[in-house]
Each structure stands twice: as C-alpha cells, then as structure tokens.
Amino acid sequence: MQPWQYREGMLCCEAVPLATIAQEVGTPCYVYSLTAMRDQYRLLENSLQDVPHLICFALKACANLAILKIFIREGSGVDIVSGGELYRALAAGADPQKIVYAGVGKSEEEIAYALKSNILMFNVESPQELSLINRVAATLGVQARVALRINPEVDPKTHPYIATGLKQSKFGISLAEARELVRVGRGLSHIELAGVHCHIGSQITKLAPFVEAADKVAQFVRELQQAGIGIRYVNLGGGVGIAYNEESPPTLSEYAEAIRPIVTPLGCTLIVELGRSLVGNGGALITRVLYTKKTPVKNFLVVDAGMNDLIRPSLYRAYHAILPVDEAHQKEEPVVVDVVGPVCETGDFLAQDRPLPLLEPGELLAVMSAGAYGFCMASNYNARPRPPEVLVQGDRYWVIRERETYADLVRGETIPPCLQGG
Ligand code: LLP
C-alpha cells in the first residue's frame with residue numbers, strides 16, 4: 001500500500017488530506033499511517049512463517065502507545081533498552097514474555113524492574129552486567145534468562161553513529177570473551193543462558209552484512225550446542241534500512257529469505273528486532289512555511305518545524321524527502337533552497353540545497369519518512385513544546401499524542417525558597 005498520495009491535488013495520508021489534519025491540530029505535527037505500518041509487519045510475519053520466530057518491534061523507533069498497540073495486536077513482542085521503554089511496552093499491553101531487553105548500561109533498578117515484570121530475556125552486553133543480573137535475580141529469588149550479545153565485527157556500511165557491530169563500538173561482547181562468559185554464566189545460579197544476540201547497526205541497505213553477521217552467530221550457536229549448551233533463541237537484532245531518497249534496501253521478505261536458511265538448521269526460535277523498516281515510511285512530519293528569506297547566497301524556507309522536532313538531518317545529515325502538500329506546486333520550476341527551522345542553531349535544517357518549488361508563507365510541506373526516530377528523538381530545546389502525533393486509518397484520524405503546552409515545559413520545576421520573594 002502506498003499511504004502517501006496526491007488525491008484531487010492534495011497530499012493525503014491514506015484517504016485523509018494532510019491539510020485537513022494541519023487545519024485541525026496545527027503544525028508542526030507528526031502523521032502516521034496505521035495501514036502502512038501494519039502492512040510492513042504482516043509482510044515480515046508472512047515471510048517468516050515457516051521458521052519458529054518472534055518479531056520484537058524496536059520501540060525506540062516510534063514509542064507512542066497507539067503505535068505499539070498496532071504491533072502488539074498483530075502478536076508482536078517488543079525490544080526495549082530502558083526501564084522507561086519497559087514501562088511503555090507494558091502500558092501498551094505487551095506480553096512480558098515477548099519482551100527482550102538490550103543496552104550497555106542497564107541499571108540495577110532497571111534490571112530489578114525487568115525481572116519483576118518477568119520479561120523473556122536480557123541481551124547481556126558485558127561480564128559485569130551478567131554478574132549484576134545474577135545478583136539481582138538471586139535477591140528476587142528468580143531465574144534470569146539471558147542472551148549474550150556478541151559483536152560479530154561486521155561493517156554494516158551505514159552512518160558511523162548508527163554502526164554498532166564494529167570492533168571499536170561499545171556494544172556487545174567479542175566472540176573470544178563470549179566463550180569465556182558462557183563458562184562463567186554456567187556457574188551462576190540464577191542465570192539461564194537461553195540465546196545469542198547480535199545487532200550490527202541501523203539503516204543497512206544491503207543484505208550481505210546481515211548474512212555475514214548471521215553466519216557468525218550461527219557458527220557460535222553450533223559451537224555452544226556441540227558443547228551441550230541448549231541455546232533456544234537466536235536474535236539477529238534489527239537494522240533493515242528504508243528508502244529515504246534513492247536507496248534500494250531489501251524488502252522485509254528479501255531480508256527474511258536471506259536469514260531463514262542460516263537460522264533454520266539451528267532448531268532455535270529466531271528473534272528479530274526491527275524498528276525503522278516497520279514504521280519509517282509510515283510517518284511524515286507536516287510543517288508550515290513561516291517565511292521565505294533570500295540572502296545574497298541562499299534561498300531559505302523558514303518553516304515551523306525545527307531540529308528539536310526532527311533531529312535526523314542535523315545529527316546525521318540524513319536526507320528526508322520534502323513534498324509540497326499542494327500538488328499544483330509540483331509543476332513549477334524548482335528553486336534550490338535550504339529548509340530551516342526556528343531554532344537558534346545554524347545546524348537547524350531539515351534540508352540543504354534542495355530543489356523545491358518556491359512556496360509562500362502559510363503553505364504546507366510534508367517531511368517524508370519521519371515515522372522512525374522522528375518524534376521519539378524530539379526535544380524541548382529552545383522551550384519548544386513537542387508536536388502532536390496523529391494516526392490515520394482510511395478516512396479517519398485520531399490525535400494519539402497531544403501537542404505539549406507551555407505548562408508542560410515547566411512541569412516538575414521548582415524555585416527553591418532561597419530564590420523566592422523579592
Ligand atoms: N535492536 C537494537 C539492539 C538496537 O540498538 C536497534 C537500534 C534496533 C534493534 C532497531 O534498529 P532498526 O531496525 O530501527 O534499524 N536514531 C538513529 C537510529 C538508531 C538506532 C539505534 N538502535 C537514526 O535516526 O537513524
């Protein structure tokens with residue numbers, strides 16, 4: 001399904017004109033297509049049908065409760081990286097037995113919360129973490145299921161900030177150390193070694209790095225099986241890329257085809273933790289032009305969304321396609337512009353040197369492919385309330401998160417007595 005289409009001259013999400021949503025909820029705002037996200041999930045689910053598997057949606061990509069619920073209702077589990085994400089997953093009604101918990105810095109409190117919630121397993125990233133999990137589990141009188149997150153040292157050929165399986169990265173454990181940790185883990189009374197995990201990075205647009213990493217994981221699993229260690233889960237993480245511009249990433253069925261033959265002979269349950277590929281192209285950020293501004297060397301479109309709303313262009317120089325909501329502009333001769341926000345930083349841009357029609361103040365733009373790592377990375381920088389999120393299905397839509405108010409901006413702050421009065 002193509003959720004973003006011009007209908008009668010106006011860009012729509014499914015059957016709802018984006019201008020209608022902008023009118024009703026204001027701009028900037030995030031808009032998501034329920035059908036697009038669910039279709040992606042179903043494509044993956046169908047492609048994995050003949051291998052025992054569990055899809056754990058990587059909540060960090062788009063954490064709204066309503067979005068989580070789309071996947072949970074399809075049978076999805078959740079991949080989490082913090083106590084806050086566990087709270088969100090449970091609040092959306094996730095089955096704790098389908099929750100996997102990764103991250104290099106799990107605190108004692110977070111580990112206890114996850115154990116009390118009886119999650120499926122921890123993806124362990126260091127020897128110290130393993131012994132802490134054992135200690136907390138002993139205190140609580142429970143067994144902790146763990147997978148070792150191995151670092152397969154595979155170059156995912158993506159932006160360096162989102163490559164996680166390189167030798168120099170902070171994530172995972174080298175194969176040599178993992179072998180040692182298996183030995184240690186077997187001696188820990190409250191640890192059950194249930195799986196092997198890896199995640200090599202994000203926005204990966206080729207299959208080869210996934211295959212290389214899966215081969216290394218499979219080899220390690222076989223080694224453990226031969227040593228009589230019953231590994232039940234093989235977790236290959238997430239990372240499948242999406243088309244932001246002219247990339248042609250594998251489809252989720254091509255991804256499934258590539259890893260299935262590697263995992264099937266192991267007799268384990270396959271876990272995948274996809275985020276971006278499930279939600280990325282199902283979302284857009286709608287923004288309004290505030291001013292057009294010409295300097296001696298540049299044309300600027302100053303819009304009402306900034307780097308605090310969508311940080312990906314500023315942080316990774318990421319490309320997001322930008323479409324005028326009114327199709328009539330598509331026929332005009334484009335002008336090269338920088339699309340910039342109101343934030344007081346030169347790095348506050350949504351696009352640089354981009355050919356776009358010359359729009360007038362008041363007109364709407366859609367920043368595409370903003371469903372993943374969009375709202376969830378938004379901040380209040382410059383005391384800007386975070387934008388609302390809207391979910392569309394067919395010709396209906398719902399605000400699934402309200403725009404923050406100025407009062408929200410100061411919630412929890414207090415002026416101490418020594419500063420009061422006067
Ligand atoms: N599993 C683990 C352990 C992860 O760290 C991640 C993402 C995923 C799964 C999901 O990866 P995905 O399928 O979404 O690629 N903020 C960056 C992306 C950071 C990804 C962090 N980890 C961006 O905007 O591109």
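**A buried loop residue and its surroundings**

Alanine 370 lies in the loop that joins β18 (364-367) to β19 (389-393). The model in which this residue is placed is a predicted one. Although it belongs to a loop, alanine 370 is buried, because its relative accessible area is 0% and burial requires a value under 20%. Apart from neighbours within four places in sequence, its contacts are Tyr30, Gly280, Gly283, Ala284, Leu285, Leu310 and His320. Arginine 312 stands 58 residues away from alanine 370 along the chain, and the C-alpha atoms of the two are separated by 9.1 Å.

One of the contacts of alanine 370 is Tyr30, and the path through the structure can continue from there. Tyrosine 30 is placed in strand β4. Its relative accessibility is 0%, so tyrosine 30 counts as buried. Setting aside residues up to four places away in sequence, tyrosine 30 touches Ala284, Leu285, Asp309, Leu310, Ala370, Gly374, Phe375, Pro387, Pro388, Glu389 and Val390. Ala284, Leu285 and Leu310 are among the contacts of tyrosine 30 and also among those of alanine 370. A separation of 369 residues in sequence lies between tyrosine 30 and valine 399, yet their C-alpha atoms are 9.7 Å apart in space.

The segment before tyrosine 30 holds a peptide bond that deserves attention. Proline 28 is found in the loop between α1 (18-25) and β4 (29-33). The bond that leads from threonine 27 to proline 28 is cis, with omega near -5°. Most peptide bonds, by contrast, are trans. On the other side of this loop, glutamate 24 lies in helix α1. Glutamate 24 counts as exposed, because its relative accessibility is 59% and the exposed class begins over 50%. The C-alpha atoms of glutamate 24 and valine 325 are separated by 15 Å, with their positions 301 residues apart along the chain.

Where does asparagine 308 lie? It is found in the loop between β14 (299-303) and α11 (312-316). At 1% relative accessibility, asparagine 308 counts as buried. Beyond residues up to four places away in sequence, it touches Val343, Met377, Ala378, Ser379, Tyr381 and Arg384. Proline 385 is 77 residues from asparagine 308 along the chain, and 9.3 Å separate the two C-alpha atoms.

The loop between β18 and β19 also contains alanine 383. With a relative accessible area of 52%, alanine 383 is exposed, whereas alanine 370, at 0%, is buried. The backbone of alanine 383 has a phi near 50°, a positive value in a residue other than glycine. Asparagine 118 likewise has a positive phi, of about 60°, although it is not a glycine. Most residues other than glycine have a negative phi. Asparagine 118 is placed in the loop between α5 (108-116) and β8 (121-124). Its relative accessibility of 43% makes asparagine 118 partly exposed, because that class covers values between the 20% and 50% limits.

These residues can now be set within the whole protein. The secondary structure comprises 12 helices and 20 strands. The protein is divided into domain 1, covering 4-32 and 280-410, and domain 2, covering 95-274. The centres of the two domains, taken over C-alpha atoms, are separated by 35 Å. Contact between the domains involves 10 residues of domain 1 and 8 residues of domain 2.

Along its principal axes, the C-alpha trace of the protein spans about 70 × 65 × 40 Å. A compact globule of 422 residues would have a radius of gyration near 22 Å, so the 23 Å of the protein agrees with that expectation. Of the 422 residues, 54% count as buried. Among the contacts with a separation of 6 or more, 69% join residues 24 or more positions apart.

The surface completes the picture. The protein exposes about 18,400 Å², and carbon and sulfur atoms supply 52% of this area. It carries 39 positive and 46 negative charges, whose mean positions are 4 Å apart.

Definitions and conventions
Residues numbered from 1 in each chain as written. Predicted model: local features only at pLDDT ≥ 70, side-chain atom pairs only at ≥ 80, totals over all residues. Heavy atoms only, no water. Helix = DSSP H or I, 4+ residues; strand = E, 2+ residues; numbered from the N terminus. Rg over C-alpha atoms; globule rule 2.2 N^0.38 Å. Buried < 20%, exposed > 50% of the residue type's maximum accessible area, 1.4 Å probe, protein only. Contact = heavy atoms within 4.5 Å. Areas by Shrake-Rupley, 256 points an atom, 1.4 Å probe, with all protein chains shown as cover. Lys, Arg positive; Asp, Glu negative; His and termini not counted. Charge placed at Lys NZ, Arg CZ, Asp CG, Glu CD. Domains from an automatic or database assignment.
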